[in-house]
Protein chains: 12
Amino acid sequence: MTVVRSTLPDEARRVSSEALQETLIDLLGLSLIGKQAHWNVVGPRFRSVHLQLDEVVSSARTHADTVAERAAAIGVPPDGRPETIAKVFSLPAPAEGWLRDSEAVEVMTDALGAAITRLRERIDATEKADLVTQDLLISITADLEKQRWMFEAENHPRES
Amino acid sequence: MTVVRSTLPDEARRVSSEALQETLIDLLGLSLIGKQAHWNVVGPRFRSVHLQLDEVVSSARTHADTVAERAAAIGVPPDGRPETIAKVFSLPAPAEGWLRDSEAVEVMTDALGAAITRLRERIDATEKADLVTQDLLISITADLEKQRWMFEAENHPRES
Amino acid sequence: MTVVRSTLPDEARRVSSEALQETLIDLLGLSLIGKQAHWNVVGPRFRSVHLQLDEVVSSARTHADTVAERAAAIGVPPDGRPETIAKVFSLPAPAEGWLRDSEAVEVMTDALGAAITRLRERIDATEKADLVTQDLLISITADLEKQRWMFEAENHPRES
Amino acid sequence: MTVVRSTLPDEARRVSSEALQETLIDLLGLSLIGKQAHWNVVGPRFRSVHLQLDEVVSSARTHADTVAERAAAIGVPPDGRPETIAKVFSLPAPAEGWLRDSEAVEVMTDALGAAITRLRERIDATEKADLVTQDLLISITADLEKQRWMFEAENHPRES
Amino acid sequence: MTVVRSTLPDEARRVSSEALQETLIDLLGLSLIGKQAHWNVVGPRFRSVHLQLDEVVSSARTHADTVAERAAAIGVPPDGRPETIAKVFSLPAPAEGWLRDSEAVEVMTDALGAAITRLRERIDATEKADLVTQDLLISITADLEKQRWMFEAENHPRES
Amino acid sequence: MTVVRSTLPDEARRVSSEALQETLIDLLGLSLIGKQAHWNVVGPRFRSVHLQLDEVVSSARTHADTVAERAAAIGVPPDGRPETIAKVFSLPAPAEGWLRDSEAVEVMTDALGAAITRLRERIDATEKADLVTQDLLISITADLEKQRWMFEAENHPRES
Amino acid sequence: MTVVRSTLPDEARRVSSEALQETLIDLLGLSLIGKQAHWNVVGPRFRSVHLQLDEVVSSARTHADTVAERAAAIGVPPDGRPETIAKVFSLPAPAEGWLRDSEAVEVMTDALGAAITRLRERIDATEKADLVTQDLLISITADLEKQRWMFEAENHPRES
Amino acid sequence: MTVVRSTLPDEARRVSSEALQETLIDLLGLSLIGKQAHWNVVGPRFRSVHLQLDEVVSSARTHADTVAERAAAIGVPPDGRPETIAKVFSLPAPAEGWLRDSEAVEVMTDALGAAITRLRERIDATEKADLVTQDLLISITADLEKQRWMFEAENHPRES
Amino acid sequence: MTVVRSTLPDEARRVSSEALQETLIDLLGLSLIGKQAHWNVVGPRFRSVHLQLDEVVSSARTHADTVAERAAAIGVPPDGRPETIAKVFSLPAPAEGWLRDSEAVEVMTDALGAAITRLRERIDATEKADLVTQDLLISITADLEKQRWMFEAENHPRES
Amino acid sequence: MTVVRSTLPDEARRVSSEALQETLIDLLGLSLIGKQAHWNVVGPRFRSVHLQLDEVVSSARTHADTVAERAAAIGVPPDGRPETIAKVFSLPAPAEGWLRDSEAVEVMTDALGAAITRLRERIDATEKADLVTQDLLISITADLEKQRWMFEAENHPRES
Amino acid sequence: MTVVRSTLPDEARRVSSEALQETLIDLLGLSLIGKQAHWNVVGPRFRSVHLQLDEVVSSARTHADTVAERAAAIGVPPDGRPETIAKVFSLPAPAEGWLRDSEAVEVMTDALGAAITRLRERIDATEKADLVTQDLLISITADLEKQRWMFEAENHPRES
Amino acid sequence: MTVVRSTLPDEARRVSSEALQETLIDLLGLSLIGKQAHWNVVGPRFRSVHLQLDEVVSSARTHADTVAERAAAIGVPPDGRPETIAKVFSLPAPAEGWLRDSEAVEVMTDALGAAITRLRERIDATEKADLVTQDLLISITADLEKQRWMFEAENHPRES
């Protein structure tokens, strides 16, 4: 017996839930690496970067919640367990240990950039399947692109 | 003389205002039956369901306001009078008198489900007519689908 | 089996619940026609009347909630379903379509005036039956009379 | 020498202060047994009942304060000392130890019901003595009847 | 032509508006003498009495507003002009110049006491005329009696 | 014995306290006539003028408090008793009874205008005596001139 | 070297940034002429229109900020300098000096109407280029159409 | 069957729960006698002591809640029923009737002093049993010692 | 016919309004170039400077509002239209395009410095004309000098 | 070169940082599985459990932040990266997919219970090393034991 | 090289910064002795004086911040180091140890009085140098004179 | 006669009060040098360091208050007078005049480091004397170590 019945036809649900599940992992991963950098950053820009990273984390957590509940809303159980994140998450991430402020800025620029590229593909993929899911992905992209710009601007001039 | 001039061409306005007027009645009706269930629910889950229903009502009232003002904004007077609601409203609704908590959950699942089906048709219908109106309907659908999931989840295992 | 046992003797409960049920419909109706006027008002006083109407709606909704829960509290299920409102509601109300600001002010003056007349009869009727219910009706009357005065003052000099 | 002079004639003060003193003990007792149940409740409805009981406690505490200050205001010192509560308090109350959620709901329904019966007698008794005191008792009764309904509704279907 | 039509019959309106007009002057006067004492009090209890007087003023202002708007609501224009207050106000009041803290406490006890005596007469007078007006006077009396008690308690042991 | 010792020389204190005492009466009077107009205004602009008058009242009350406490701060007891206001207050004021909205706007424009003229004289008078008192009068003038402009702008085109 | 790298392909970025830059100027211009009207409006509707204009200004400023940061987010520096606004801004605007309330309402209706027409063209233009930018333009249009309706409703009956 | 399983070994749980149960009664008793004094205090320091007592009550209620929930958390049902308080509570307490301000200050100094002595014994007793419970008792002692100091300071010079 | 009558003599009004009009343009210009820099700043201090610029903008907007309303209050219509700003504004300003953080800091230091010089001249000019206007200009200068210091401190050591 | 110098001797730092690092992983893991259960729970207690889980998550996130920053404060970089969590986290956790409400309650009881056992070992281990770290672990244990009790109480009677 | 360039000519800067530096020390000293008295006060007025002293401290801290930042704003580094305060501070101050409430009131009256005398000299001294600095000193004087009056009023009748 | 009686035996009180008095001076000194640096810092990190320093000051002030009140609570008058601070305070501190941002960061790292070393000795010293005092010192140490880490992280790479 289906636990939560869907308001979407099967194929639409399949496409949408796949996009949502992948986005969920990206966002949970971003929130974890954002915190990791928030705790480990060192250097003259410590305070500024420390605070900015917490805004990314807060943003990623809120989006993750919306995305997971959207999956549930279309009848598909979201999967955000530690082992799933570890298995699937593939965005650029900081190494272990203290992290120079410029490195923190750079790794977040890269991680956000990679997340955006993947989100834009999912925006295309869900166009036919479900405009409601697509609209959610569009609004997350808008926010991540704003966050990325701020790290990018801070990353100027780029070191290498 | 036209009272409020429209920013839309005639056909687009006709299609959009029809979608908005129908949505308005669904939402006003939902707010009334949500309150009816809120007041009449009995059973061991009383408090939980009582509170949850008030969130649906609050949500439906806010959406109704936005939808009616959108109709006005495109130059068409919205109609939310008692007699119009009574004549047009056709979503599943609770009967008179005390309502068991499981019945309340079920009737709201059904009412929200029916409202969503109709909203999705209107999302298609307004695609060509007015993207602004369509975007509003998409965001209302997102919220109602979230509300529906929570009743659906609560309705598990379904009795019949 | 009685679902919610009453703290009132039978006759007192009958009289009180009748007064409460009638008041509920008047208040729900007021909240609907208040919103209708709020959305459809036009004319140089648009903004002022638009905002004032929302205060009436907010007030009527709050009172309706208190009244319905009072009915439940004395063991009688309140009835605020769309079809009941449509069948029973009989206060003056705006016609379909745009509404001139002076008409909006006038129809609200009349609707509130009629609601007050009926409330005063119920205050008399519940004196013997239940002082708690009477006290609630007194406080609603106080508020509606204040709202009515403000429309009445705004309606001066009256057009006809 | 009188410490705080009364604004009421002697007999009116006697009747009113008696009603207020008895009500004070009922309310302080309700706040204590409400907390007792709040801490000791167990069962699948734990969280819901745990939170609801805190609202009763908060409500009873606020009313107790108003009632005691009303006694002082008419020139009679209120008595809410532990030994007085223990000697006088006679509403139904939970036994020692863990309390099943259904038992908690039932004991509160009964305690509130008994408190209301006594309050209604005092409303009659103070009608001639002091309308200000009566009005206070009426408003407390309204609130306790609302609280009782919610437990009553939650208690459906009653077990025995 | 009547400016604001009344919801009360002529005699009821006459009795109620008289009670309201007299109460308005007492309250406006209380707010002025409360401020006078607030500014001029001296002595070791300065801060405590200074703050307490501001609570009386704030309370009196709020009640005055409600009373004046109630007069308007029953169709009678309230009169709170400086010359009317000066002509009609007759409660005990502080003399010109600095005021010892014990004197401030005593004059407020007396002024509140006198205001309460007059309010209780008006509560009787309006019983037949208008229960809504009576209910308002009851609630103001409750508050002033609470304020009076606090000054009375502070005035212990009384000096003469 | 001096009760509150002054931080100003005698002549400076005399000049300053005279300016403050006169300003206090103007402000208390403005707050009373503002409320009078607030309660008695009628006409199509009722709501707008009713709200605006309350802002003047709130502003005048705050300034009156500051002015009276400034008098006390320089060692002179302020006098804001009802009889003093009645004897001294001489700004334009509304007559008894209902007040047309345009009349309310006009009388406030005139009252504020007259108050400002007198304040500007006191600003000159206190220049030598006490820059702290002068600075206070300047800031009150700034606010009253802003309030006056808003009534003046609303009063356009002037009727006579 | 590119300062802020874009997440969009060149052509998409060109189309989107052009739409955003033009919208930025319209919104900054609206915020300036809204303030100009806010300060210079006179007439019996002064207070109502004065307040309403501030809501438009606040809304336009918020949208301008979002639009400019969106341009930056896609790698293109926004241009909101005074000289650019003066050169490019072309919506209807108030003349110098005092402005009658009806004129203020009319000029805002026209300015908002013209801004909306241009926004709708940009919604079409960005459909292919960037759905994220398009979505932002849609939501701004929704808000401006709501603001326009309120002026339009207030402008009834239109004078010429 | 154990209802709530403990995270502590048996002996540690026994020692801890005994300390918690005794503390609970002291705190509930303090909150009741604090309120008793709050209502019955008279004398020139009325307002100051009246307010201070409410802070003690609020503090004692919050600590009682934490202590009772800590007992539950280690698997032992707390007992805060009226009869238990009356049987066990043994701190100094005010007699019936009005209470002079100096007496109120003194009785609270003594009651808090006695409660602190007992708490310090329980801090020793729980050192081995449960550091988490001990830490809670330490933080309550810190707060009660602060409260006691303020009454002690106010009690200077002591009357005997 | 004069629209808004002045409370100032002609010459005083002329001098004051000239000072206010010039200040208005400086402040509106500052708010525009502050936002321009806020959006276009890049470099390692991006976040810090980005936030600081928003505080300048917010400050400048608030002052502009006060200044424009002061002009209206003395009977002279302020002029803040886009074309007027473009024509009159002459403070240092950023060029088009991305702006290095050190450049942003420097241009704001210069712009604020130039604005202050001009304000100090107007403080002298209005001394005789209108102390109320002068006081406003003094308080704006105090704030801009504080803002300037913070950029100046941040600009150390200066690059050239 | 040491990046962040420690305020602790080497051995104390080693013991403390090990305790903190292990606690960090437990808390991050708890926040992830809490969210997983929050999203996937179904059954009649859905709403109640859904909300309760969010409180655990919020609590765990806050503690994780404090713990990680404590590690940094003693000079050791914390490690909360996805791969570390996946490798190290070993508390009981929900399986993939929908989760019955009773299962959610049970898994959280078990996970919290296991986390507490481990925390109590670390409290012992850090006693000698660093009282500041120990105090932090004590306060986290207090909170988790409270959370566990609430699930435990809700889990009664236990199913197996 | 000058670190922070001044907006004032040299002589004006010298005079202003001297006035500001002296005021800074007076205010920092006041905040320290206010706290000293706040902690050490004993006697029947303990609570009242304890709270009032905290308002002086809070006020003095805020003014100290404004004064120090004003010095920086005109290009002169403020000096608020412990040794500078100790060397320069010369206002009346409490001795070591417990302080009777009447002594606390008296020492604060004296300290504020002395601070005010010195501020008034600096107001004269800065008249020519810098009206912005003078205006700041005027507003601080206004506040300290208000604070002084309240202690003075509380100090009545003066003991010696 | 003892003014405030202690809840501690003599030796325990002596040890505890010594630890508290020394901590008080360290914290008051930290708050003064934190403000000194807050006002005098210059350099590219001005804004970031300026804000961070205010958090240290706010933190130090709050701890100082708690520590001083703890001394009073155990019956010993705290001493925070300017001359005592100057005589006793011995943490590293900034020199007179402008302070480069890197110097500000360094001096705060050192001052906090030294304060922590001394606090840790007092934690040991009070273990036997008073666990309540010890617990307070532990929580202050936790906070200062967090503050220190943030300056330390910002200080990387260290200059010499």
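This briefing covers how chain D and chain H meet. The model is predicted: local features need pLDDT of at least 70, side-chain atom pairs count only at pLDDT 80 or more, and totals for chains, interfaces and linings use all residues. Residues are numbered from 1 along each chain as its sequence is written, chains are lettered from A in the order in which they are written, and side-chain values use heavy atoms, without hydrogens and water.

**Extent of the contact**
- Chain D gives 36 residues to the contact and chain H gives 35 residues (contact means heavy atoms within 4.5 Å).
- About 2900 Å² is buried between the two chains, and carbon and sulfur atoms give 69% of that area.
- Buried area is the accessible area (1.4 Å probe) that two parts lose on being put together, summed over both.

**Polar links**
- The interface of chain D and chain H holds 2 salt bridges (a side-chain nitrogen of Lys or Arg within 4 Å of a carboxyl oxygen of Asp or Glu).
- D:Lys35 forms a salt bridge with H:Asp65, with the closest N and O atoms 2.6 Å apart.

**Symmetry**
- A turn of 180° and a shift of 0.0 Å along the axis lay chain D on chain H with an RMSD of 0.0 Å (least squares on the C-alpha atoms of residues with pLDDT of at least 70 in both).
- The two copies are thus related as by a two-fold rotation axis.
- D:Ala86 is the residue of chain D that comes closest to the rotation axis, at 2.9 Å (C-alpha).
- The copies meet through the same surface, because 97% of the interface residues of chain D are also interface residues in chain H.
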